[in-house]
Amino acid sequence: MNKLKMALVGAGVIGHVHAVVLHENEKIDFAAIVDINKEAAVELAKEYGCRAYGSIEECIEKEEIDAFDICVTEDFHVEPTLAAIRAGKAVLLEKPIAKTGKEADEIALAAREHGTRIMIAHLLHFDSRYGVLLDTVKKGELGDVSSVYVKRCNTLSTCKRIGGKVSFMYYLGVHDIELMCAYAGGRPVRAYAQFPNKICGQYKDDDGIFAIVNFDNGAVGCFEIDWSYPETMPMPVWSYARVNGTKGSGTVEAGPQGLTIATEEAFSYPDTMLSPVYNGKMHGDMALQIDHFVDSIRNGTEFEVNMQTPIDAVKIIDACFESQKTGLPVDIVCEGE
Ligand SMILES: NC(=O)c1ccc[n+]([C@@H]2O[C@H](COP(=O)([O-])OP(=O)(O)OC[C@H]3O[C@@H](n4cnc5c(N)ncnc54)[C@H](O)[C@@H]3O)[C@@H](O)[C@H]2O)c1
């Protein structure tokens with residue numbers, strides 16, 4: 001079978017991680033890197049022997065790309081994604097699908113109209129702990145889901161780096177909010193949120209959020225996202241999920257990842273799930289996610305992540321920000337998809 005010819009759009013922090021996998025995956029012909037900061041594209045392209053472009057339009061015009069891997073800043077997801085969709089190219093788009101429910105609907109509508117395949121990169125679906133729990137729920141082994149609780153707590157380091165530029169809701173929370181929707185199995189209808197703010201104000205954002213979401217199937221979701229933990233915490237992320245149903249309960253405790261390293265400088269729990277590098281290659285959720293995308297495109301099979309839950313997650317975020325303003329629960333309208 002022919003290799004899938006792919007281009008990376010966005011040579012930033014996560015673009016560098018995607019680039020390793022695009023280069024190492026033998027089913028991919030990693031042809032080009034696009035960034036509006038052309039120098040960033042040129043620098044990264046040098047490492048992987050690809051061509052560099054300053055816009056997706058130029059790349060579409062000059063290359064026969066099969067699929068774009070879009071890793072641009074949250075504020076700018078819509079424009080390059082629509083360009084790829086309208087050119088009939090398959091798309092892997094980093095989370096969140098967009099920054100508002102309206103923009104998310106626009107992307108989904110364009111993909112439907114152009115018959116373009118698009119998967120939102122919700123990585124936790126490829127984390128074996130969260131993935132096994134989701135399969136267990138889908139098989140009905142926990143019965144009718146009554147409640148879902150998810151949390152993600154990061155240290156202040158992420159907030160110090162991007163606070164004021166990107167909300168933690170898009171950078172961190174959307175991972176867990178999307179999975180909460182997948183676990184709950186219904187559509188969100190109402191959200192109420194409180195945002196504590198005593199630590200991160202100096203970095204131009206809130207400390208985190210506590211929120212409650214009602215689903216149309218009667219399930220209740222609750223989530224806690226935070227990026228104000230002290231940097232002395234030995235792991236940068238501490239996350240958790242619990243699903244309670246009429247026949248059982250399942251819990252993910254994703255703190256330490258089974259490996260500890262103690263050196264003269266520090267004690268740490270290194271990443272063994274997301275993108276660990278060993279045996280000369282990148283392994284983990286990122287590699288599995290991109291491999292799944294490629295297989296689904298080449299074989300014409302369903303994506304693991306459908307379009308509904310990524311859109312619903314962004315609509316929940318819209319409602320949480322509205323609830324922050326009003327101090328009241330906010331109704332959510334989810335149609336289609
Ligand atoms: N899955 C994960 O674990 C994970 C981790 C980090 C970031 N992300 C997501 O990845 C995306 C990128 O985040 P990041 O931290 O790498 O951002 P970043 O700011 O480090 O990099 C984004 C890059 O996109 C480029 N860019 C912006 N608009 C563009 C356009 N229209 N065309 C081409 N290039 C454009 C910028 O110049 C920049 O180089 C975000 O959606 C973020 O939420 C996911």
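## Overall build

In this predicted model, the secondary structure adds up to ten helices and 17 strands. The radius of gyration comes out at 20 Å, close to the 20 Å that the globule rule gives for 337 residues, so the protein is as compact as a globular protein of that length. If you want a feel for the dimensions, the C-alpha trace spans about 55 × 50 × 40 Å along its principal axes.

How much of the chain is tucked away? Of the 337 residues, 53% count as buried. There is plenty of long-range contact too: take the contacts between residues at least 6 apart in sequence, and 67% of them join residues at least 24 apart.

## Surface and charge

The protein exposes about 15,100 Å², and carbon and sulfur atoms supply 51% of that area. On the charge side, there are 32 positive and 50 negative charges. The mean positions of these two sets are 1 Å apart.

## The seven-stranded sheet

Now for an open sheet, made of seven strands in the order S12-S11-S7-S10-S9-S8-S17, with mixed pairing. Its edges are S12 and strand S17 (330–331), each of which pairs on one side only.

Strand S11 (237–245) is a good place to start looking. On one side there is strand S7 (residues 145–155), which pairs with S11 in the antiparallel sense over nine bridges. One bridge to look up here puts Lys151 opposite Tyr240 of S11.

S11 also pairs with strand S12 (residues 249–254), again in the antiparallel sense, this time over six bridges. What links S11 to S12? A hairpin does the job, through three residues. For bridge partners, Val243 goes with Gly250 of S12, while Ser239 goes with Ala254 of S12.

## An exposed loop by the sheet strands

Just ahead of S11 in sequence is the loop that follows strand S10 (220–229), and this is where you'll find Thr232. Is Thr232 buried or exposed? Its relative accessible area is 72%, and anything over 50% counts as exposed, so Thr232 is exposed.

For a sense of distance, compare Thr232 with Arg112: the two are 120 residues apart in sequence, and 47 Å separates them in space, C-alpha to C-alpha.

## Backbone oddities

Some background first: most residues other than glycine have a negative phi, and most peptide bonds are trans. A few spots here go the other way, starting with the cis peptide bond that joins Lys95 and Pro96, where omega is about -10°. Pro96 sits in the loop between strand S5 (90–94) and helix H5 (101–114).

Then there's Lys204, which isn't a glycine but still has a positive phi of about 65°. Where is Lys204? Look in the loop between strand S8 (188–194) and strand S9 (208–215). Lys204 is exposed, with a relative accessible area of 67%. Asn279 is another non-glycine residue with a positive phi, near 50°. Asn279 is placed in the loop between strand S15 (277–278) and strand S16 (281–282), and at 70% relative accessibility it counts as exposed.

Notes. Residues are numbered from 1 along each chain as its sequence is written. This is a predicted model: local features need pLDDT of at least 70, side-chain atom pairs count only at pLDDT 80 or more; totals for chains, interfaces and linings use all residues. Side-chain values use heavy atoms; hydrogens and water are left out. Helices (H or I, at least four residues) and strands (E, at least two) are DSSP runs, numbered from the N terminus. The radius of gyration is taken over C-alpha atoms; the globule rule is 2.2 Å times the number of residues to the power 0.38. Buried means under 20% relative accessible area, exposed over 50%, partly exposed in between (1.4 Å probe, protein chains only). Contact means heavy atoms within 4.5 Å. Accessible areas come from the Shrake-Rupley method with a 1.4 Å probe; for residues, only the protein chains shown count as cover. Lys and Arg count as positive and Asp and Glu as negative; His and the chain ends are not counted. The place of a charge is taken as NZ of Lys, CZ of Arg, CG of Asp or CD of Glu. Two strands pair if DSSP finds at least two bridges between them.
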